[in-house]
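Work through the exercises below with the sequence and the model at hand. Each task is followed by a solution in steps.

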Amino acid sequence: MKHLIRTVSVLTAILLALSAFMTACAEEPQAVAIDKEAFDTLIASGPVADDDAIAASTWATRVKEAGILRVGGTRTSFLFSQLDETDNGIRGFDAGLYQLLARYILGDESKFELTQVTSSTRESVLTEDQVDAVFATYSITPSRQEVISFGGPYYTSRQAILIKAGNDEITGLEALADKIVATQAGSTGPAILAEYAPEAEAQEFEDDIQARTAVEQGRADAYVTDYTLILNSLVKNPGVYGIAGDVFGPEDNYGIGLPKDSDGVAFVNGFLKKIEEDGTWAKLWQISLGDRTGLETAPEAPAIAE
């Protein structure tokens, strides 16, 4: 009898512990997922270029003849280009743009081939003809324009400071002095950090994930990068990170990377103007970013370079 009572007590304790665990899990903040149906419906209703528009562009003609748009991008950017392993769909703002472009040229948004890139490989995949275009929160800079060309810009951001949640020591730029600050190699981050926080000890990492992991593990005190990428991390990992201080630095214009001096620039800019004018750009922004960050009104799209 005593054995039975002891067994029941143990089982009761296990059930209570399990209940407490389930309750805690249920109360944890959850990442805001994209509305897959709304995203897929929008992309499938995108415009398709006429034959004359494609024939006028060597770049677009080459893509049309190949039957596939080769894209350099990512699969881990929660707001911009995230792989959904349940259906192998890639969704987000950048992903929506290149799928719309595939539809515009080929009449089918699924006809794209994605090569994963990092901040350090975005130029090389273009110069080595591994991809036709790069969509990867790709800042337009003079040094990059010496090697490749850009369509757009299609989005504008600035810089911010990511910290581990609960870090009260770092409150803004001034607090970065003598701190170990992570940044991405090959991005605009190192130059921004050198200009705005010259007394910080910069530590470069290969990609965003490695930089954020260093902050989580205490190997870096903070991470300076594009505000939109930080917003992406906060939405994907609620309760893990925070933002210190205000955004800073110059406007950071995202462009679509294209081969140097390619006539694809004019073609892609025409595509961007079309989806901005017909409202597709704003709808894509709302589905990918606005609805998931609590913002109800899409910003005005940046002026496209002539």
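Helices (at least four residues) and strands (at least two) are DSSP runs, numbered from the N terminus. The model used here is predicted.

**Exercise 1. An unusual backbone angle**

Task: State where Asp129 lies, describe its phi, and decide whether it is buried, partly exposed or exposed.

Solution.
- Step 1: Look between helix H6 (122-127) and strand E6 (133-139); the loop there holds Asp129.
- Step 2: Read the backbone angle. Asp129 is not a glycine, yet its phi is positive, about 55°.
- Step 3: Set this against the general rule. Most residues other than glycine have a negative phi.
- Step 4: Check accessibility. Asp129 has a relative accessibility of 36%, so it counts as partly exposed.

**Exercise 2. Two neighbours in a loop**

Task: Place Asp261 and Ser262 in the chain, and say for each whether it is buried or exposed.

Solution.
- Step 1: Asp261 is located in the loop between E11 and H11. Ser262 lies in the loop between strand E11 (241-258) and helix H11 (264-277).
- Step 2: The relative accessible area of Asp261 is 65%, so this residue is exposed.
- Step 3: For Ser262 the relative accessibility is 15%, and therefore it counts as buried.
- Step 4: Asp261 is a residue other than glycine with a positive phi, near 60°.
- Step 5: Leaving aside neighbours within four places in sequence, Ser262 has contacts with Trp59 and Ser149.
- Step 6: The C-alpha atom of Ser262 is separated by 8.7 Å from that of Ile148, although their positions lie 114 residues apart along the chain.

**Exercise 3. Strand E7**

Task: Find the cis peptide bond that leads to Pro153, then describe the surroundings of Ser157.

Solution.
- Step 1: The bond from Gly152 to Pro153 is cis, and its omega is near 10°. Pro153 belongs to strand E7.
- Step 2: Recall the general rule that most peptide bonds are trans.
- Step 3: Strand E7 (residues 149-164) also contains Ser157.
- Step 4: Buried means under 20% relative accessible area. Ser157 has 5%, so it is buried.
- Step 5: Outside the four places on either side in sequence, the contacts of Ser157 include Asp226, Tyr227 and Thr228. Pro250, Glu251, Asp252 and Tyr254 are also among them.
- Step 6: The side chains of Ser157 and Thr228 make a polar contact of 2.9 Å.

**Exercise 4. Helix H10**

Task: Decide why helix H10 counts as largely enclosed, and describe what caps its N-terminal end.

Solution.
- Step 1: Helix H10 covers residues 227-236, and 7 of its 10 residues are buried, so the rest of the structure largely encloses it.
- Step 2: List the buried residues: Thr228, Leu229, Ile230, Leu231, Asn232, Ser233 and Val235.
- Step 3: Asp226 caps the N-terminal end of H10, with a side-chain oxygen 2.8 Å from the backbone nitrogen of Thr228.
- Step 4: Take one residue of H10, Ser233. Its relative accessible area is 1%, so Ser233 is buried.
- Step 5: Not counting residues up to four places away in sequence, Ser233 touches Leu162, Asp208, Arg212 and Tyr241.

**Exercise 5. Aromatic rings**

Task: Say how many aromatic pairs the structure holds, and classify the pair Tyr138 and Phe150.

Solution.
- Step 1: There are 15 aromatic pairs in the structure.
- Step 2: For Tyr138 and Phe150 the ring centres are 5.0 Å apart and the planes stand at 70°, so this pair is edge-to-face.
- Step 3: Tyr138 is in strand E6 and Phe150 in strand E7, so the pair ties together parts 12 residues apart in sequence.
- Step 4: Tyr138 has a relative accessible area of 0% and so is buried. Phe150, at 9%, is buried.
- Step 5: Ring pairs also link Phe80, Phe93, Tyr154, Tyr155, Tyr254 and Trp281 into a cluster.

**Exercise 6. The whole chain**

Task: Describe the secondary structure, the extent and the charged side chains of the protein chain.

Solution.
- Step 1: The protein chain has 12 helices and 11 strands.
- Step 2: Its C-alpha trace spans about 85 × 50 × 35 Å along the principal axes.
- Step 3: Of the 306 residues in the protein chain, 46% are buried.
- Step 4: The side chains include 23 positive and 47 negative ones, and the centres of the two sets are 7 Å apart.

Notes
Residues are numbered from 1 along each chain as its sequence is written. This is a predicted model: local features need pLDDT of at least 70, side-chain atom pairs count only at pLDDT 80 or more; totals for chains, interfaces and linings use all residues. Side-chain values use heavy atoms; hydrogens and water are left out. Buried means under 20% relative accessible area, exposed over 50%, partly exposed in between (1.4 Å probe, protein chains only). Lys and Arg count as positive and Asp and Glu as negative; His and the chain ends are not counted. The place of a charge is taken as NZ of Lys, CZ of Arg, CG of Asp or CD of Glu. A polar contact is a pair of N or O atoms within 3.5 Å; within protein, one must be able to donate a hydrogen and the other to accept it, and residues adjacent in sequence count only if both atoms are side-chain atoms. Contact means heavy atoms within 4.5 Å. Rings of Phe, Tyr and Trp (its six-membered ring) pair if their centres lie within 6.5 Å; planes under 30 degrees apart count as stacked, over 60 as edge-to-face and the rest as tilted.
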